[in-house]
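User: Please take a close look at a single strand and at what surrounds it, and then place that part in the wider setting of the two chains. I would like the cut-offs spelled out as you go.

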Amino acid sequence: MAAAVGKAAAVAYGHGESGGGRGGGFLGPRVPAEVEAMARGVQDIGKETFRRLLRVAVNALEGKDCKESVKLIAESTNLSEEQIAFLISGMYTLLREALRLPLSTFKQETCMFYVAARCCYTSMVLTVLGLFLSSISDSLYFLIPEDFIVDFSSIVFGNRRPTSEGTALIQGSRLPSIQDLKWRVDVAISTSSLARALQPSILMMMKLSDGTAHRFEVPVSKFQELRYNIALILKEMNDLEKWSILKIQD
Amino acid sequence: MAASVVPESDSIRRAVSLLNAVDPGRFPRLLSRLLQKLHLKAESTFSEEEEEKLQIAFSLEKQDLHLVLETISFIWEQAVYHNLKPASLQQQLQSIHLDQDKAEAFASAWAAAGQDTIEKFRQRVLTPRKLETIGWQLNLQMAESTQAKLKSPRAVLELGVSSEDGKNLKKVFVEFNHQELFEFYNKLETIQAQLDSLT
């Protein structure tokens, strides 16, 4: 029953990102080779082994080191190294592509699917299942056992998502941002060239996220210019965020 | 009455007698030229050729010319240090037996460009690095390798920081999202409040 409803949803609402028809849904027009190989290979392994492999893939996504766990799995099961390799890489690719898309992309299909799933016993599980099913391709759906799909969905939609997202944001390519800004305002009373100077000046110490530190003086006139420019950027950003094109959810 | 800012030493006396002998025609221009270049750290204001021309124009030997130039620079430095008024400067110079017309020339050159020179000295900083230029860019980030469908506004600030002699402008790039920019702005506002409380 659950399978039938799920399949109906998959057909009726098309596939996640590419918007319908054949293909891999959020995986792109062609399902990556490792994901397909994983889908085939995953049928033969037990639930326990699957869960361990999945845990390794999730740890890798969160940026942790997994060499130990992989070794343990290799020793305790009878899978060859090659099999472990393509299973883990397939899971990693599948999850990484799913995590790339914001939740709102999936959420759109929730309300539509909920209506169909109302009659089923655990509509919560099925909502999640349905969202995921409707986004991966038909070919994969038939290959991957349902329980495993539930596990995948729980990672994409569950509590651990913010951790994976957080790692993605940190590792993402961006210019350094300010980690710490220290400043002081001095007044020079007297210098070697002026008996009475009474000139205020600002000293700034900027630590950036890439580890560099910059210490420099800001003359008062430059400081005013900096303040003006920052206020201008803030105003422009506020205007930008009001654009209606940004309100379109995709 | 301010204490004498120009001490009466032997070299000063000799310089004064040389100055008194100098032709008054080109004198004011020499004074203002030296005043303009005062805030620069470079030693010689004049190149070799210019010095030779000056030697001929003022009919002075090389040693004497150097003494005259150094003395004038010294007088200017003292005027800057004590923030003298033109009248008081003239008085000081006359008290070390400089001719009245020369003293007047000093006073008028000082009245014309004195305050600007003091301002330039005020702005001089001792710290190695100074903020020179500010540039910025407002971008709308659509996606990155780890996240699709973003639409997040980002600002990139380019700060040009120079070393003490004004060369080697190093560009520092800093990126902000909305929240970070707002925090930065608040910090700047705090600094501004401190500056306001000084006046």
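Analyst: Strand β2(B) is mostly covered, since 10 of its 11 residues are buried, where buried means under 20% relative accessible area, exposed over 50% and partly exposed in between, with a 1.4 Å probe and protein chains only. Strands here are DSSP runs of E with at least two residues, and helices are runs of H or I with at least four, both numbered from the N terminus. The model is predicted, so that local features need pLDDT of at least 70 and side-chain atom pairs count only at pLDDT 80 or more, while totals for chains, interfaces and linings use all residues. Residues are numbered from 1 along each chain as its sequence is written, chains are lettered from A and ligands numbered from 1 in the order in which they are written, and side-chain values use heavy atoms, with hydrogens and water left out.

β2(B) has pairing partners in β1(B) and β3(B), pairing being assigned if DSSP finds at least two bridges between two strands. With β1(B) it runs antiparallel, joined by 11 bridges, and in this pairing B:G135 has B:E158 of β2(B) as its bridge partner. With β3(B) the sense is again antiparallel, over seven bridges, and here B:A155 stands opposite B:F176 of β3(B). In a regular strand the side chains alternate between the two faces of the sheet.

Turning to the interface, 54 residues of chain B are in contact with 63 residues of chain A, contact meaning heavy atoms within 4.5 Å. The two chains bury about 5600 Å² between them, 68% of it on carbon and sulfur atoms; this buried area is the accessible area (1.4 Å probe) that two parts lose on being put together, summed over both. In chain B, the residues that lose the most area to chain A are B:Y81, B:W136 and B:K149, together 12% of what that side buries.

There are three salt bridges between chain B and chain A, each a side-chain nitrogen of Lys or Arg within 4 Å of a carboxyl oxygen of Asp or Glu. One of them joins B:E175 to A:R174, with the closest N and O atoms 3.9 Å apart. As for the elements involved, β2 (152-162) is among those of chain B that each supply at least two residues of the side touching chain A, and the others include β1 (130-141) and β3 (170-176). The largest share of that side, 15 residues, comes from α7(B).
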